[in-house]
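Please look over the sequence and the model shown here before reading on. The report below takes up a few features that can be checked against them.

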Amino acid sequence: MYEALRAFINSKTGLEIPDKEFKFVEAAFTPRTIKKKQFLSHEGNVCQHMVFIIKGAMR
């Protein structure tokens, strides 16, 4: 999971993030699997997190 995130960040910044600094990024993300037709958030809940999708799409 973290390889895709690292590649995305590197492509957007144009810089290579050193391993030591990328450990801080890894600590900020928690891998989570969402099944088909499962909701990421529910009505009435305030979203307090950002999401990085590795495979698939969401709406």
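What follows deals with salt bridges, a surface patch, a pocket, one backbone angle and two distances.

## Basis of the report

The structure is a predicted model, and its local features are reported where pLDDT is at least 70. Side-chain atom pairs, such as those in the salt bridges, are held to pLDDT 80 or more.

## Salt bridges

Side chains of opposite charge can pair when their charged atoms come close. Searching the whole structure for such pairs gives two salt bridges. In one of them arginine 6 is paired with aspartate 19, and the closest N and O atoms lie 2.8 Å apart. Because arginine 6 belongs to helix α1 (residues 2-13) and aspartate 19 to helix α2, this pair ties together parts that are 13 residues apart in sequence. The two partners can also be described by their accessibility: arginine 6 is buried, its relative accessible area being 18%, whereas aspartate 19 has 53% relative accessibility and counts as exposed. The value for arginine 6 is classed in this way because buried means under 20% relative accessible area.

The other pair, lysine 23 with glutamate 26, has its closest N and O atoms 3.9 Å apart, and a salt bridge is counted within 4 Å. Both residues lie in helix α2, and because they are three residues apart there, about one helical turn separates them. Lysine 23 counts as exposed, at 54% relative accessibility, while glutamate 26, at 24%, counts as partly exposed.

## A nonpolar patch and the largest pocket

Leu40, Val51, Ile53 and Met58 make a nonpolar patch of about 320 Å² on the surface. Leucine 40 is placed in the segment after α2 (19-28), and with a relative accessibility of 35% it counts as partly exposed. That value lets leucine 40 enter a patch, because patches are made of residues with over 30% relative accessible area.

Rolling a probe the size of a water molecule over the atoms shows where empty space is left. The largest pocket has a volume of about 1100 Å³, and 30 residues line it. Those nearest its centre are Arg32, Ile34, Leu40, Val51 and Met58, and Leu40, Val51 and Met58 are also named among the makers of the nonpolar patch. By class, the lining of the largest pocket consists of 16 nonpolar, eight polar and six charged residues.

## An unusual backbone angle

Most residues other than glycine have a negative phi, and most peptide bonds are trans. Lysine 37 has a positive phi of about 70°, although it is not a glycine. Lysine 37 is found in the segment after α2, and at 78% relative accessibility it counts as exposed.

## Two distances across the model

Which distance separates the C-alpha atoms of leucine 40 and phenylalanine 8? These two residues are 32 residues apart along the chain, and their C-alpha atoms are separated by 22 Å. Leucine 40, the residue already met in the patch, is in the segment after α2.

A second distance starts from alanine 28, whose place is in helix α2 and which, at 62% relative accessibility, counts as exposed. Between alanine 28 and histidine 42, which are 14 residues apart along the chain, the C-alpha separation is 23 Å.

Notes
Residues numbered from 1 in each chain as written. Heavy atoms only, no water. Patch = residues over 30% accessible without salt bridge, like charges linked within 9 Å, V, L, I, M, F, W, Y side chains within 5 Å. Areas by Shrake-Rupley, 256 points an atom, 1.4 Å probe, with all protein chains shown as cover. Salt bridge = Lys/Arg side-chain N within 4 Å of Asp/Glu carboxyl O. Helix = DSSP H or I, 4+ residues; strand = E, 2+ residues; numbered from the N terminus. Buried < 20%, exposed > 50% of the residue type's maximum accessible area, 1.4 Å probe, protein only. 1 Å grid on protein atoms, 1.4 Å probe; cavity = no way out; pocket = protein on both sides within 12 Å on 5 of 7 lines; lining within 4 Å. Points joined across faces, edges and corners; volume = space filled by probe spheres on them. Nonpolar A, V, L, I, M, F, W, Y, C, P; charged D, E, K, R; others polar.
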